[in-house]
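Please open the model in your viewer and keep the selection tool at hand. We will move from the whole chain to single residues, stopping at each place to see what is there.

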Amino acid sequence: VIMASLVEKEVNQDAERPLVAGVFTNRLAKGIPLATDPTVIYAALLENRWRGAIYASDLQSTSPYNTYKHAGLPPGPICNPGIAALRAAMAPAKTDYLYFVSDAAGHSRFSADLKEHAQQVQAYREAQKH
């Protein structure tokens, strides 16, 4: 349920949920922090300091829900996941993806290495400017 809650908050496209669950599963298997923004937002909400955007100070929070600071799953779910997210958490896609980022069309772009991910992030930022 914890994994499903992260998947629920990360993407809106049900077809992408198993891929996101696969990314999280791969990161957990490699000991890489999940580094998922919805957990940082949730931590800020719990501490009554959410300001509508993620700030550097939010990423430094010592909250156990801050998956940038703490490896592994957070201590509890961050929302009530829907059926698609629950299914994705139970049957994550088997890929070599370790990263994903939203694109300008509301979908996610997945990548297996940091170089490709950085390119995807840059493409997203460029699309946001237009």
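**The whole chain**

From the N terminus on, the elements of the chain follow the order α-α-α-α-α-β-β-α, where helices (H or I, at least four residues) and strands (E, at least two) are DSSP runs, numbered from the N terminus. That makes 6 helices and 2 strands. Before you select anything, note that this is a predicted model, in which local features need pLDDT of at least 70 and side-chain atom pairs count only at pLDDT 80 or more, while totals for chains, interfaces and linings use all residues. Residues are numbered from 1 along each chain as its sequence is written, and side-chain values use heavy atoms, with hydrogens and water left out.

Show the C-alpha trace and turn it slowly: along its principal axes it spans about 35 × 35 × 25 Å. For 130 residues a compact globule would have a radius of gyration near 14 Å, and the chain agrees with this because its own value is 14 Å; the radius is taken over C-alpha atoms, and the globule rule is 2.2 Å times the number of residues to the power 0.38.

Now switch on the surface, which comes to about 7300 Å² of accessible area, with 53% of it belonging to carbon and sulfur atoms; such areas come from the Shrake-Rupley method with a 1.4 Å probe, and for residues only the protein chains shown count as cover. Of the 130 residues, 36% count as buried, a word that means under 20% relative accessible area, whereas exposed means over 50% and partly exposed lies in between (1.4 Å probe, protein chains only). Among the contacts in the chain with a separation of 6 or more, 54% are between residues 24 or more positions apart, where contact means heavy atoms within 4.5 Å.

**Helix α3 and the loops beside it**

Select residues 37-46, which form helix α3, and look for its buried residues, Pro38, Thr39, Val40, Ala43 and Ala44. Against which helices do the buried residues of α3 pack? They pack against α1 (2-10) and α4.

Next, go to alanine 35, in the loop between α2 (17-30) and α3. Most residues other than glycine have a negative phi, and most peptide bonds are trans. Alanine 35, however, has a positive phi near 50 degrees, and it counts as partly exposed because its relative accessible area is 27%.

Just after α3 you will find asparagine 48, which takes a positive phi of about 55 degrees and lies in the loop between α3 and α4. With a relative accessible area of 73%, asparagine 48 is exposed.

**Two residues in the loop before α5**

Select threonine 67, which lies in the loop between α4 (56-59) and α5. Is threonine 67 buried or exposed? Its relative accessibility is 1%, so threonine 67 counts as buried. Leaving aside neighbours within four places in sequence, threonine 67 is in contact with Pro33, Leu34, Ala35, Thr36, Thr39, Gly72 and Pro74, and you can display these together with it. If you draw a distance line from the C-alpha atom of threonine 67 to that of glutamate 8, 59 residues away along the chain, the separation is 16 Å.

Serine 63 is also found in the loop between α4 and α5, and it is buried, with a relative accessible area of 7%. Not counting residues up to four places away in sequence, serine 63 touches Ala43, Glu47 and His70.

**The aromatic rings**

Finally, select Phe24, Tyr97, Phe100 and Phe110, which form one aromatic cluster. Rings of Phe, Tyr and Trp (its six-membered ring) pair if their centres lie within 6.5 Å, and planes under 30 degrees apart count as stacked, over 60 as edge-to-face and the rest as tilted. By this rule there are 4 aromatic pairs. One of them is the stacked pair of tyrosine 97 and phenylalanine 110, with 5.5 Å centre to centre and 25 degrees between the planes. This pair links distant parts of the chain, 13 residues apart, since tyrosine 97 is in the loop between α5 (83-90) and β1 (99-102) and phenylalanine 110 is in strand β2 (residues 108-111). Tyrosine 97 is partly exposed, at 26% relative accessibility, whereas phenylalanine 110 is buried, at 11%.

Phenylalanine 110 also pairs with phenylalanine 100, and this pair is tilted, with 5.8 Å centre to centre and 35 degrees between the planes. Here phenylalanine 100 in strand β1 is linked to phenylalanine 110 in strand β2, 10 residues apart.
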